[in-house]
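Let's go through this model one question at a time. Short questions, short answers.

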Amino acid sequence: MIVLGIETTCDETSAAVLRDGTELLSNLISSQVELHRQWGGVAPEVAARHHVEAINPILRQAVDEAGLTFNDLDAVAVANRPGLVGALLVGVSAAKALAMVYGLPLVGVNHLEAHLYANFLEHTDLEFPMLGLVVSGGHSNLALMTGHGEFQPVGHTVDDAPGEAFDKVARAMGLPYPGGPVIDKLATEGDPTAYPFPRADLGETFNFSFSGLKTALLRFLSENKDARVEDIAASFQEAIVDALVNTTVRAARATGVETVLVAGGVAANRRLKARFAEAGERNGLRILSPKPILCTDNAAMIATAGHYALREGRGDGLGLETFATAPLGS
Ligand code: KG4
Ligand code: ZN
């Protein structure tokens, strides 16, 4: 089965062609990051207009690079939730047009679930139940995955998403958008124990909170103009990593899973990957995360989630809608 995946939930226009769930024939990503840098975040209207310009060429290029034509496709999978509605509409409209013209099955994919499915692209031996952690610019969710497309919520952020915290703190430090990769890089030269920034105590829950940390950072920055930027980056990053790793490992123990899937833009963070590897070894857990290019937004993960949804007999008609919000498993 050859699935075309389409992703336009935020500021990346992406198209990918996937054969049989594991053979990635192409995965093209047109990023608008440079464009949005001037606003220090994503401007929704600008994002939607840029998707309109980028979508047709990138679809053609994805099929070309796969060595195929549109006639060779067996299905179209498109991220239709959650995301910026104007942006989502561009991908969904393109997917519907292709489905109609080429008579292809169409499946709408939950973007958050798709982040976790990036792990299925690289591993074919995954067994349910598993714990999934999605950490991105807009989300922070822990869920028990009991089957394909089946999720039970375990925890979530009560305020900011971790990527959002990275981006806001980086902005206050005068660093460019998106802040996550910049702080990740600076932190490699810094001391993670230099400043003991606060870790939120949410008791026995498996929730996260990053707004107190963000506020503490902003206050610290205004009061310590001469502190080493690398040490600030490393200490701030460590506070986020501590929360994500400790809570996830606790949730894994409580749910009794053996496998944990970590995904989303923040999963590309090197310190987070290293700490999860260490924690996995110490706790007898298999903790996986995709390679960095499959952590941030991409259509390969949409095609992968679509592949499994279609295999389970799921599909949508041309009436497929878009949704600004949608939890895992919806
Ligand atoms: O998943 P994603 O590409 O888009 C959303 O669905 O939100 O995630 C983007 C987020 C941004 O906040 C970005 O700063 C963060 O992921 N990010 C990182 C790293 N790479 C991207 N955060 C920490 N370390 C990184 N290496
Ligand atoms: Zn994402």
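**Contacts, helix packing and zinc**

Q: Which residues does Asn269 touch, not counting residues up to four places away in sequence?
A: This is a predicted model: local features need pLDDT of at least 70, side-chain atom pairs count only at pLDDT 80 or more, and totals for chains, interfaces and linings use all residues. Residues are numbered from 1 along each chain as its sequence is written, chains are lettered from A and ligands numbered from 1 in the order written, and side-chain values use heavy atoms, without hydrogens and water. Contact means heavy atoms within 4.5 Å. Leaving out residues up to four places away in sequence, Asn269 touches Phe166, Asp184, Gln237 and Val241.

Q: Is Asn269 buried or exposed?
A: Asn269 sits in the loop between strand 9 (259-263) and helix 9 (270-283). Helices (H or I, at least four residues) and strands (E, at least two) are DSSP runs numbered from the N terminus. Buried means under 20% relative accessible area, exposed over 50%, partly exposed in between (1.4 Å probe, protein chains only). With a relative accessible area of 5%, Asn269 is buried.

Q: How is helix 7 directed against helix 8, roughly parallel or roughly antiparallel?
A: Axes are lines fitted to C-alpha atoms, for helices over the stretch in contact, and angles run from 0 to 180 degrees between N-to-C directions. Angles under 35 degrees count as roughly parallel, over 145 as roughly antiparallel, 65 to 115 as roughly perpendicular and the rest as oblique. The axes of helix 7 (residues 211-223) and helix 8 (residues 229-255) come within 11 Å and cross at roughly 165 degrees. So helix 7 and helix 8 are roughly antiparallel.

Q: How many nonpolar residues are in the contact of helix 7 with helix 8?
A: Ala, Val, Leu, Ile, Met, Phe, Trp, Tyr, Cys and Pro count as nonpolar, Asp, Glu, Lys and Arg as charged, and the others, Gly among them, as polar. Leu213, Leu217, Phe220 and Leu221 of helix 7 meet Ile232, Phe236, Ala239 and Ile240 of helix 8. Polar residues: no; charged residues: no; nonpolar residues: eight.

Q: How many charged residues are in the contact of helix 6 with helix 8?
A: The axes of helix 6 (residues 179-187) and helix 8 come within 8 Å and cross at roughly 110 degrees. Helix 6 and helix 8 are therefore roughly perpendicular. Ile183, Asp184, Leu186 and Ala187 meet Val229, Glu230, Ala233, Ala234, Phe236 and Gln237. Seven of these residues are nonpolar, one is polar, and the number charged is two.

Q: Which protein residues are donors of the zinc ion (ligand 2)?
A: Donors are N, O and S atoms within 2.8 Å of the metal (3.2 Å for Na, K and Ca); water is not among the atoms, so sites may look incomplete. The donor spacing in sequence is H-x3-H-x181-D. At 2.0 to 2.1 Å from the zinc ion lie His111 (NE2), His115 (NE2) and Asp297 (OD).

Q: Why are His111 and His115 separated by about one helical turn?
A: Both His111 and His115 are buried. They lie in helix 4 (residues 111-122), and the separation of about one turn arises because they are four residues apart.

Q: Which residue does a cis peptide bond join to Tyr177?
A: Most peptide bonds are trans. Here omega is about -10 degrees, and the residue joined to Tyr177 is Pro178.
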